Amino acid sequence: MPPRHVAVLHGPNLNLLGTREPAVYGTVTLAEIDRGLVERAKARGATVESFQSNLEGELVQRIQEVAGRAQAIVINPAAYTHTSVAIRDALSAVGLPAVEVHLSNLHRREPFRRRSLTAPACIGTIAGFGARSYYLALTAALDLLEDT
Ligand code: DQA
């Protein structure tokens, strides 16, 4: 089996992790999460690439670009989760298996966060485990790829 490559996408304001509302999102930085993903992927003989943007169109663009080199997507669309038809359509268009991630448990927060426009374009969602949500999502993505 050729080495598996997973594209990780982080949406708006996630570049501020570490200092952003630590009571909600914890104190781990995005760079630390990305390093943890690289290590965990390596331990399974896989690779990851990470990308963060505060702009919806850049996330759409990146989803289209990674389709040529990744076998799965792990995505935290952040606030765009609740608003973005464009990101949902991009995920559906490329058709790669995707896992949606949230640091916080959306169901324990404001009602508007309970609706995800992007989740229906993903295989599943992992939320509520802080930085560990990303690691669980990577595990889920790699497990899925092993099954196929
Ligand atoms: C988030 C949850 C979203 O509702 C919020 O807009 C974010 C982060 C999370 O990881 O918990 O920016 O996606």
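A polar contact is a pair of N or O atoms within 3.5 Å. With that in hand, welcome to this predicted model. Here you will meet an open sheet of 5 strands, a pair of helices that touch each other, and a ligand with its ring of neighbours.

**The ligand and its surroundings**
- A polar side-chain atom of His82 sits 2.7 Å from an oxygen atom of the ligand, and because the cut-off is 3.5 Å, a pair of N or O atoms at such a distance counts as a polar contact.
- His102 also reaches the ligand through its side chain, with a polar atom 2.8 Å from an oxygen atom of the ligand.
- Ala79 takes part through its backbone instead: an N or O atom there lies 3.2 Å from an oxygen atom of the ligand.
- Other residues surround the ligand too, including Arg20, Tyr25, Ser104, Arg109 and Arg113.

**The sheet**
- Reading across the open sheet, the strand order is 2-1-3-4-5, and the pairing is parallel.
- Strand 2 (47-52) and strand 5 (124-127) form the edges; each has a single partner strand, so one side of each has no neighbour in the sheet.
- On average, neighbouring strands are turned by 20° against each other, direction ignored.
- Strand 1 (residues 5-10) and strand 3 (residues 72-76) run parallel and are joined by 5 bridges.
- Within this pair, His10 stands opposite Asn76 in strand 3, and Asn76 is also one of the residues around the ligand.

**Helix 3 and its partners**
- Helix 3 packs on the sheet, where it touches strand 1, strand 2 and strand 3. Its direction makes about 160° with that of strand 2.
- The axes of helix 3 (residues 56-66) and helix 4 (residues 85-94) come within 9 Å and cross at roughly 5°, which means that helix 3 is roughly parallel to helix 4.
- Glu56, Leu59, Val60, Ile63 and Gln64 in helix 3 face Ala86, Ile87, Ala90, Leu91 and Val94 in helix 4, with which they are in contact.
- Sorted by class, this helix contact has 8 nonpolar, 1 polar and 1 charged residues.

How values were computed: Residues are numbered from 1 along each chain as its sequence is written. This is a predicted model: local features need pLDDT of at least 70, side-chain atom pairs count only at pLDDT 80 or more; totals for chains, interfaces and linings use all residues. Side-chain values use heavy atoms; hydrogens and water are left out. Axes are lines fitted to C-alpha atoms, for helices over the stretch in contact, and angles run from 0 to 180 degrees between N-to-C directions. Helices (H or I, at least four residues) and strands (E, at least two) are DSSP runs, numbered from the N terminus. Angles under 35 degrees count as roughly parallel, over 145 as roughly antiparallel, 65 to 115 as roughly perpendicular and the rest as oblique. Contact means heavy atoms within 4.5 Å. Ala, Val, Leu, Ile, Met, Phe, Trp, Tyr, Cys and Pro count as nonpolar, Asp, Glu, Lys and Arg as charged, and the others, Gly among them, as polar. Two strands pair if DSSP finds at least two bridges between them. A residue is near a molecule or strand if one of its heavy atoms lies within 4 Å of it. A polar contact is a pair of N or O atoms within 3.5 Å; within protein, one must be able to donate a hydrogen and the other to accept it, and residues adjacent in sequence count only if both atoms are side-chain atoms.
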